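Here is a short briefing to read alongside the model. Have the viewer open, and let's go through it topic by topic.

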Amino acid sequence: LLNYLLRLGFAPPEEDKLLSVEKMAEIFDIKRVSPSPATFDLQRLRFINREAIRNTDDESLIPLFKEFLGDKGNVVGRDFINVFKEEVFALSEIKEASDFIFDDNFRSEVISDKIKGSKFFIGRESVIEILSLFKDSINEGGFDEEPLRRYIEQKGLKPVVVFMLPRIAVTGREKGPSLSDIVGLLGRKKAIQRIESVINSL
């Protein structure tokens, strides 16, 4: 918050760098403050807050993330922190950003309907082929992209389509962490179960 307030009518030498209170006091010069009224810029505040989250050490973030996740905070560990500190602009967003991890938010029927209604749907048979290839490529730390890339070349499909379908199948979303990170967070067993469940619902 102090980094944002500093930038209201004042431009520090290193505009995009977060500064300590001591550094802010050192560089501040009342003569360089603009006489024009400062305006509230929510996007700039969110950007600064995101940088503050990214620059905070993992050990300090763990209790903060747990607090905002409430009774589901037991999932928070270093892997969780490393993924989601890059995804959120505010700690209050962590619950929504990570809710795909929890089984009580996963509905295979809803997700299969979402796939069929999306612009990425290329027919039931092709979708099942892609999801099956993805399922077979999953390992403990993520997944092997090569089977899907060979499929892209063979079928002449756009990569965004082929890689988006597994993402939607395991999370119900089109945006979020990388597919490898998603698999790493879910674990091999849960990721495979979700893919199989969606295939059966298509």
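N200 is exposed: its relative accessible area is 66%, and the cut-off for exposed is over 50%. Keep in mind that this is a predicted model. The residue sits in helix α12, so that helix comes next.

**N200 and its surroundings**
- Although N200 and E109 are 91 residues apart in sequence, their C-alpha atoms are 9.0 Å apart in space.
- N200 shares its face of α12 with K189, another exposed residue, and this face is turned away from the buried side of the helix.

**Helix α12**
- The helix covers residues 188–201, and its 14 residues should span 20 Å at 1.5 Å a residue.
- The end C-alpha atoms of α12 are indeed 20 Å apart, which agrees with that expectation.
- Its buried residues are A191, I192, R194, I195, V198 and I199.
- These buried residues cover an arc of only 160 degrees around the axis, and therefore lie on the same side of α12.
- In general, an α-helix has 3.6 residues a turn, so residues three or four places apart point the same way.
- Among the elements covering the buried residues of α12 are the helices α7 (108–117), α8 (124–137), α10 (159–171) and α11 (179–186), along with the strand β1 (138–139).

**The largest pocket**
- For anyone thinking about cavities and grids, the largest pocket has a volume of about 230 Å³.
- Its lining consists of F84, E87, V88, E93, E96, A97, R173, K175, G176 and P177.
- Sorted by class, that lining has five charged, four nonpolar and one polar residues.

Technical notes
Residues are numbered from 1 along each chain as its sequence is written. This is a predicted model: local features need pLDDT of at least 70, side-chain atom pairs count only at pLDDT 80 or more; totals for chains, interfaces and linings use all residues. Side-chain values use heavy atoms; hydrogens and water are left out. Helices (H or I, at least four residues) and strands (E, at least two) are DSSP runs, numbered from the N terminus. The expected span of a helix is 1.5 Å times one less than its number of residues. Buried means under 20% relative accessible area, exposed over 50%, partly exposed in between (1.4 Å probe, protein chains only). The arc is that of the directions from the helix axis to the C-beta atoms. Contact means heavy atoms within 4.5 Å. On a 1 Å grid over the protein atoms alone, a cavity is a set of points where a 1.4 Å probe fits but cannot get out, and a pocket is an open set with protein on both sides within 12 Å along at least five of seven lines; lining residues have an atom within 4 Å of a point. Grid points are joined across faces, edges and corners, and a volume is the space filled by probe spheres set on the points. Ala, Val, Leu, Ile, Met, Phe, Trp, Tyr, Cys and Pro count as nonpolar, Asp, Glu, Lys and Arg as charged, and the others, Gly among them, as polar.
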